[in-house]
Amino acid sequence: MREVTLTDLFLHPITQKFMQRSGVAHALEVTNHAFHLAFKYNVSVDMATKAALLHDIGHYEWYRQGKWDYELYRENDIHAIKGAERAHKLLIRLGENPRIAKQISVAILLHTDSYLPESDIKRSPLQKVVKLADEMDEEQGGNHHYKEIDKLTALKKIQKLDQLVDQYLPKQQLHLNTHEKTI
Ligand SMILES: [Fe+2]
């Protein structure tokens with residue numbers, strides 16, 4: 001049984017507040033991609049989906065005269081750092097296993113290269129899954145952040161994903177011995 005579900009995370013006021021900035025529809029698409037990629041990369045569907053759902057909650061609002069200024073954002077953004085910290089705090093507050101909370105947080109930290117000095121990062125399978133899932137939903141000029149979804153539809157999708165995670169996680173755990181081993 002999981003300590004924290006996607007629904008718990010999604011309904012929390014912190015998530016509701018910060019997910020609006022980067023787009024709930026985008027977060028859900030990425031979570032869905034991460035669920036499927038988790039099998040390919042042999043990582044926990046629980047961690048992959050949680051990291052994906054929360055990956056962009058570190059966004060600031062880069063508005064200039066009422067519109068998101070993408071140039072300003074590219075230049076000054078550190079959303080992966082902020083999101084990693086925010087997600088970790090939220091997960092721990094909700095009672096997540098600290099080892100899992102750390103893995104999720106680091107996967108969020110490394111989901112983009114945009115703020116990093118040039119370097120060759122060797123990502124773990126979980127970190128790769130979150131980055132790839134995000135890139136699968138990326139549109140030019142940051143348009144993926146503007147797609148809309150109403151809250152009830154979003155909640156239904158999250159609940160469906162929770163059911164799928166609950167269904168497949170025990171099978172993964174059997175296969176991989178323990179949840180921790182899937183990190
Ligand atoms: Fe994203």
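**Figure 1. Asp-69 is partly exposed in the predicted model**. Within 10 Å of Asp-69 there are 14 other C-beta atoms; a residue counts as partly exposed when this number falls between the limits of 12 or fewer for exposed and 20 or more for buried, so Asp-69 belongs to the partly exposed class. Asp-69 sits in the loop that runs between strand 2 (67–68) and helix 5 (70–76). Apart from neighbours within four places in sequence, the contacts of Asp-69 are with Trp-62, Tyr-63 and Arg-64. Ala-80 is eleven residues away from Asp-69 along the chain, and the two C-alpha atoms are 18 Å apart.

**Figure 2. Asn-42 has a positive phi in the loop between helix 3 and helix 4**. The phi angle of Asn-42 is near 60°, and the residue is not a glycine. The loop that holds Asn-42 follows helix 3 (24–40) and leads to helix 4. Asn-42 is partly exposed, because 14 other C-beta atoms lie within 10 Å.

**Figure 3. Helix 4 packs against helix 7**. Helix 4 covers residues 45–54 and helix 7 covers residues 98–109; their axes are 9 Å apart and make an angle of about 50°. Helix 4 is therefore oblique to helix 7. The two helices, helix 4 and helix 7, cross in a right-handed sense. On the helix 4 side the contact is made by Met-47, Lys-50, Ala-51 and Leu-54, and on the helix 7 side by Ile-100, Gln-103, Ile-104, Ala-107 and Ile-108. Sorted by class, the contact between helix 4 and helix 7 comprises seven nonpolar residues, one polar residue and one charged residue.

**Figure 4. Asp-150 is exposed in the loop before helix 9**. The loop with Asp-150 connects helix 8 (125–136) to helix 9 (151–176). Asp-150 has 9 other C-beta atoms within 10 Å, and is exposed because the class takes residues with 12 or fewer. Between Asp-150 and His-111 there are 26 Å from C-alpha to C-alpha, with a separation of 39 residues in sequence.

**Figure 5. The span of residues 23–139 is listed in UniProt as "domain: HD"**. The UniProt entry that gives this span is unreviewed. In the model, residues 23–139 are 62% helix and 3% strand. The C-alpha atoms at the two ends of the span are 13 Å apart.

Note on methods
Residues numbered from 1 in each chain as written. Predicted model: local features only at pLDDT ≥ 70, side-chain atom pairs only at ≥ 80, totals over all residues. UniProt positions renumbered as here; feature names shortened; annotations may be inferred. Helix = DSSP H or I, 4+ residues; strand = E, 2+ residues; numbered from the N terminus. Axes fitted to C-alpha atoms, helices over the stretch in contact; angles between N-to-C directions. Parallel < 35°, antiparallel > 145°, perpendicular 65-115°, else oblique. Left-handed = near helix turned anticlockwise from the far one by under 90°. Contact = placed C-beta atoms within 7 Å. Nonpolar A, V, L, I, M, F, W, Y, C, P; charged D, E, K, R; others polar.
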